Amino acid sequence: MSQVTTQPSTDQIWEWLDAVPDPEIPVISVVDLGIVRGVEWQGETLVVSVTPTYSGCPATSIISLDIETALRSKGIEDLKIETRISPAWTTDWLSEKGRAKLEEYGIAPPQPAGGPEKCPRCGSKNLTKVSQFGSTPCKAHWRCQDCLEPFDYFKCI
Amino acid sequence: MTRDDAFAQFLLRMGDNTLILGHRVSEWCGHAPVLEEDIALANTALDLIGQTQMWLGLAGEVQGQGKSADDLAFLRDAWDFRNVLLCEVPNGDFGRTLMRQFLFDAWHSIQLGRLMKSSDERVAAIAEKASKEVAYHLERSADTVVGLGDGTEESHRRMQEALDYLWPYVGEMFQSDEADAEMVKAGIAPDPASLREEYDALISRILSDATLTIPDSSFAHKGGRTGAMHTEHLGHLLTQMQWLQRAYPGAKW
């Protein structure tokens, strides 16, 4: 029993993970991004399941490392990080908080219609696609026709 | 051929296609006609290499000789590769690269759609992940083929030349052998030939929008997916791709 009481609750772990920033879009956390799929105590071992956004995303290994560093700093010694590829990550898993933070940062959040709803800078809906791809695998490149500012759009997948 | 041999062969075919095409596409990095296209090509290559990790990782597991995805990518020679010849032909101009991408993406998207229903859940999971990325690749390559085919006189001419050059490499994707028959029996993967009808319907629609004419020939170069005979280009590609691991065995980033 004494062992159980020394284990932080999974709610507590989720809270800690929500403070780990995404390495490429540091305004949102790895929890906001929807890539932490599970937090579970298996006996003495804490198992955190992480799913990659894109299969070739170079940030994936950094994310696992950041999660490990954060949890170790909270005193968790026995830790296992698992990669889970199914169900495949979808932008539907982005939190509402994450979507709002993206927009505030200048990245248009994903929309089911397949393009940004409005310019994250001036709010105009007069937009044009520059490229289907952008600065990271998860983004595309758009431009506002009114304020002329180019911006990133978080691709909807 | 045992079922595991056939399974490993199938996984090498999937992983070698994405590895070799991914490497080819990455050769454009820093050379594309405009920055946006450069980034798009590099992103496509990245997705393909990511998928390679999963396919070759599983291939190593099924082979059961303790080989990692990296071992399979960097320490095999040309005759052990199982990619279709289409993936290894040189890039040519930008138009030919995008035409090759389109001809491959169209097959790839149909194949992954079928593999999502594989009886092997690891295969189904990789296919589910990859199919989302490939749907995006296909959207872009199809749009570009239409844009350039139905573009200027110069771009139209180049795209027709690209299609004429690449067409004899299309047929190999639909050839079947003993390993495929084994995969069909196990419910792991579809018979390649069964994808042809859907493929023809898809590419006919796009190439017609692109005002391009599909060559009237069913001749197909083959030998890549069986490993019987690759083109001379694969060896040259490997000397570059594998150079570091060959010169400094076990070197780590």
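Biologist: Where is the place of B:Trp243 in chain B?

Modeller: B:Trp243 sits in helix 11 of chain B, which covers residues 243–247. Helices (H or I, at least four residues) and strands (E, at least two) are DSSP runs, numbered from the N terminus. Keep in mind that this is a predicted model, where local features need pLDDT of at least 70, side-chain atom pairs count only at pLDDT 80 or more, and totals for chains, interfaces and linings use all residues. Residues are numbered from 1 along each chain as its sequence is written, chains are lettered from A and ligands numbered from 1 in the order in which they are written, and side-chain values use heavy atoms, with hydrogens and water left out.

Biologist: Which residues form a nonpolar patch on the surface with B:Trp243?

Modeller: B:Leu244 and B:Tyr248 join B:Trp243, and together the three have about 360 Å² of accessible area (Shrake-Rupley method, 1.4 Å probe; for residues, only the protein chains shown count as cover). Patch residues have over 30% relative accessible area and no salt bridge; like charges are joined within 9 Å, and nonpolar side chains (Val, Leu, Ile, Met, Phe, Trp, Tyr) within 5 Å. A salt bridge is a side-chain nitrogen of Lys or Arg within 4 Å of a carboxyl oxygen of Asp or Glu.

Biologist: At what angle do helix 1 and helix 2 of chain B pack?

Modeller: Two packed helices are described by the angle between their axes and the distance between the axes. Here helix 1 (residues 3–26) and helix 2 (residues 35–63) of chain B pack at about 160°, with axes 8 Å apart. Axes are lines fitted to C-alpha atoms, for helices over the stretch in contact, and angles run from 0 to 180 degrees between N-to-C directions. Helix 1 and helix 2 of chain B are therefore roughly antiparallel (under 35 degrees is roughly parallel, over 145 roughly antiparallel, 65 to 115 roughly perpendicular and the rest oblique). Helix 1 of chain B passes helix 2 of chain B in a left-handed crossing (the near helix is turned anticlockwise from the far one by less than a right angle; clockwise is right-handed).

Biologist: How many helices and strands does chain A have?

Modeller: Chain A has four helices and seven strands, and from the N terminus on its elements run α-α-β-β-α-β-α-β-β-β-β.

Biologist: What order do the strands have in the open sheet of three?

Modeller: Strands of a sheet pair through backbone hydrogen bonds, either parallel or antiparallel. This sheet of chain A has the order 1-2-3 with mixed pairing (two strands pair if DSSP finds at least two bridges between them). Its edge strands are strand 1 (36–42) and strand 3 (79–83) of chain A. Strand 1 of chain A runs antiparallel to strand 2 (residues 45–50), joined by six bridges; A:Val39 has A:Val48 as its bridge partner.

Biologist: And what order do the strands have in the open sheet of four?

Modeller: That one, also in chain A, reads 4-7-6-5 with mixed pairing. Strand 4 (107–108) and strand 5 (127–131) of chain A each have a single partner strand, so one side of each is left without a neighbour in the sheet. Strand 4 of chain A pairs in the parallel sense with strand 7 (residues 150–154) over two bridges, while strand 5 of chain A and strand 6 (residues 139–144) pair in the antiparallel sense over four.

Biologist: What is phi of A:Leu148 near?

Modeller: Most residues other than glycine have a negative phi, and most peptide bonds are trans. A:Leu148 has a positive phi near 65°, and lies in the loop between strand 6 and strand 7 of chain A. The peptide bond from A:Ser86 to A:Pro87 is cis, with omega near -5°; look for A:Pro87 in the loop between strand 3 and helix 4 (96–105) of chain A.
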